[in-house]
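Trainee: I would like to learn how the labels used for contacts and interfaces are earned. Could we go through a structure together?

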Amino acid sequence: MLDVEFAGLKLNNPTVLASGILGTTGAALLRVARNGAGAVVAKSCGIVPREGHPNPTVIEIEQGILNAVGLSNPGVEEFAKEIKIALQGGVPVIASVYGFRVEDYAAAARILADAGVAAIELNLSCPNVEKVGALFGADAELALEVVREVKRAVSLPVFAKLTANVGDIVEIAKACEEGGADGVTAINTLKAMAIDIRAKTPLLGNKVGGLSGPCIKPIALRCVYEIAQEVDIPVMGCGGVTTGKDAVEYLMAGAQAVQIGTGVLTRGLSVFRKVALEIQEFLEERGYSCVDDIVGLALK
Amino acid sequence: MHEMQVVKIKKIIKETKRIKTFILDLDVSAIPGQFVMVWLPGVDEKPMSVSYTKGDLGITVLRLGDFTRRLFELSPGDMLGIRGPMGRGFKVYGDKLLLVGGGVGVAPLAPLAEEALAEGKEVTAIIGAITKSELLFVDRIEKAGGRVLISTDDGSAGKKGFTTDVLRELLEEETFDQCFTCGPEIMMAKVLDITREKKIPTQASLHRYFKCGIGICGQCVLDGIGLRVCKEGPTFRDKELRKSPEFGRYWRNAAGQKIYFGGKK
């Protein structure tokens with residue numbers, strides 16, 4: 001009943017681990033897979049190792065979290081070994097790649113494709129590293145170019161993860177579709193900050209970062225709703241999914257799967273199993289036979 | 001929710017040439033083995049074991065790098081950011097306890113000894129350091145009524161050698177219900193090997209590079225077992241650690257690259 005197909009990927013339920021949460025090692029991804037995620041997206045990886053920003057990198061705030069981890073990763077060669085461990089989880093493993101140049105995306109994607117990932121998600125939208133966020137995800141032509149180059153480099157489904165820190169997210173989504181994207185993920189975290197009034201200074205080491213969690217759900221939901229009406233490729237909803245009800249909202253807005261990140265903090269690692277069960281309960285109560293039955297209901 | 005609390009340093013105690021205790025104006029109770037994230041605004045934030053768990057919270061810190069150097073420049077009245085206490089502390093169920101601490105690793109063991117002794121349990125602590133003047137909390141544990149056995153690398157106090165040498169000798173004579181260890185990871189791995197032979201259940205407190213400290217970033221997940229040091233740890237059972245190829249061998253730096261203890265692969 002919960003099975004979904006997303007751009008050719010077979011998921012046993014529509015919950016997917018969002019990039020940047022726990023996906024830093026194979027062991028961590030494996031644990032999420034064993035906690036019921038339908039698929040997992042690894043942490044964003046680039047061609048060379050990166051330490052990221054100084055701490056605090058993750059801060060809890062009301063209704064969400066703020067992070068500025070800063071794309072830390074051990075480099076794609078090293079990370080490919082972690083991916084191989086994650087594959088033992090038996091669910092599709094999606095790699096996330098970032099780059100400072102178009103060719104960096106393609107180079108990283110190629111190595112991760114060889115490691116056996118099921119799809120590539122393009123991080124076009126990191127809000128806390130200069131150039132990665134601003135440049136690619138906010139410029140339709142550049143976004144198109146990244147998608148096209150990565151599609152040339154690998155023969156896997158390619159998803160573009162978009163930012164809402166732009167004037168018109170639909171325009172970027174359409175450009176990605178034109179470039180050959182097989183799906184889009186909406187949305188990445190929203191650029192934000194917090195200040196400690198006793199220390200009189202920003203809380204995050206990087207001063208600004210990305211906001212996630214229940215507080216961004218209404219914005220993310222609106223983005224999914226708008227994108228789903230304008231593109232033919234599937235959309236993965238991402239932003240504040242904590243309960244089955246949240247997931248159902250995204251599905252009705254036109255998403256075919258939902259990513260969960262911050263929900264791990266509030267409901268624990270079993271959030272994937274819990275949300276999947278809650279979706280199932282909803283479907284059964286209302287007499288629906290599968291997830292597809294409710295996809296896009298609110299669009300009509 | 002673990003909100004950042006910016007608090008005053010009440011008191012600073014110079015424990016050794018390289019170790020200081022910071023008593024904070026923060027009245028929360030912690031379980032020995034738990035940690036706090038310590039924030040120096042504009043510098044960095046690092047996890048530290050709680051060394052005073054009742055009343056005003058305290059941390060005991062070894063000066064090691066840039067962050068601790070900056071911390072050591074602070075005076076009473078200065079402010080620190082604190083998140084926590086967090087993580088899983090030590091779990092005591094036996095009556096006859098053995099503690100093995102190396103260097104600043106004695107920090108979480110001292111409050112454990114005090115609490116156990118106050119409950120009428122029997123505590124033996126093996127405390128090691130490079131030299132006599134770097135021994136931590138020997139008086140504190142003795143004052144609480146515990147028995148202390150000492151080792152120093154240079155032989156300036158107690159047995160010349162390592163805590164594990166003292167441990168081996170002691171376990172020829174005596175047995176214990178439980179063992180608790182904290183210190184350099186190679187030492188802890190040896191402690192676990194020795195106590196396993198003697199069938200003494202052992203808990204170890206691990207140190208890793210932390211980012212979020214709240215179980216979501218994945219930075220500190222142990223290979224092989226998938227457990228998060230900041231969430232399911234920092235204290236682990238011997239049977240958990242034995243399943244991790246990472247324990248006693250390597251850790252991960254901020255980039256997530258494996259760094260092998262002692263530089264060996």
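Mentor: Gladly! Keep in mind that this model is predicted. Let us begin with Glu115(B) and Lys54(B), whose closest N and O atoms are 3.1 Å apart.

Trainee: Why is the pair Glu115(B) and Lys54(B) called a salt bridge?

Mentor: The rule asks for a side-chain nitrogen of Lys or Arg within 4 Å of a carboxyl oxygen of Asp or Glu. Here the residues are a Lys and a Glu, and the N and O atoms are 3.1 Å apart, so the pair meets the rule. Across the interface of domain 1 and domain 2 of chain B, the rule finds one salt bridge. There are also six residue pairs in polar contact between these two domains.

Trainee: What makes up the side of domain 1 of chain B that touches domain 2 of chain B?

Mentor: Strands β2, β3, β4, β5 and β6 of chain B each supply at least two residues. The largest share comes from β4(B), with seven residues. By class, that side has eleven nonpolar, seven polar and seven charged residues.

Trainee: How do you know that the two domains of chain B touch, when 20 Å separate their centres?

Mentor: The 20 Å value is taken between the centres, over C-alpha atoms. Contact is judged on heavy atoms instead, with a cut-off of 4.5 Å. By that test, 25 residues of domain 1 of chain B are in contact with 24 residues of domain 2 of chain B, so the two domains do touch. Together they bury about 1,800 Å², 62% of it on carbon and sulfur atoms. In domain 1, Pro32(B), Gly33(B) and Phe35(B) lose the most area to domain 2 of chain B.

Trainee: Now for the two chains: what makes Arg31(A) and Glu232(B) a salt bridge?

Mentor: Arg31(A) is an Arg, Glu232(B) is a Glu, and their closest N and O atoms are 3.0 Å apart, against a limit of 4 Å, so the name fits. The count between chain A and chain B is two salt bridges. Twelve residue pairs are in polar contact across that interface.

Trainee: Which element gives the most to the side of chain A that touches chain B?

Mentor: That is β5(A), with four residues. The residues of this side divide into 19 nonpolar, eight polar and eight charged.

Trainee: And how much area do chain A and chain B bury between them?

Mentor: About 2,800 Å², with 58% of it on carbon and sulfur atoms. Arg31(A), Asn55(A) and Glu60(A) supply 23% of the area that chain A buries against chain B.

Technical notes: Residues numbered from 1 in each chain as written. Chains lettered and ligands numbered in written order. Predicted model: local features only at pLDDT ≥ 70, side-chain atom pairs only at ≥ 80, totals over all residues. Heavy atoms only, no water. Domains from an automatic or database assignment. Buried area = accessible area lost by both parts, 1.4 Å probe. Polar contact = N/O pair within 3.5 Å; in protein donor to acceptor, adjacent residues only side chain to side chain. Nonpolar A, V, L, I, M, F, W, Y, C, P; charged D, E, K, R; others polar.
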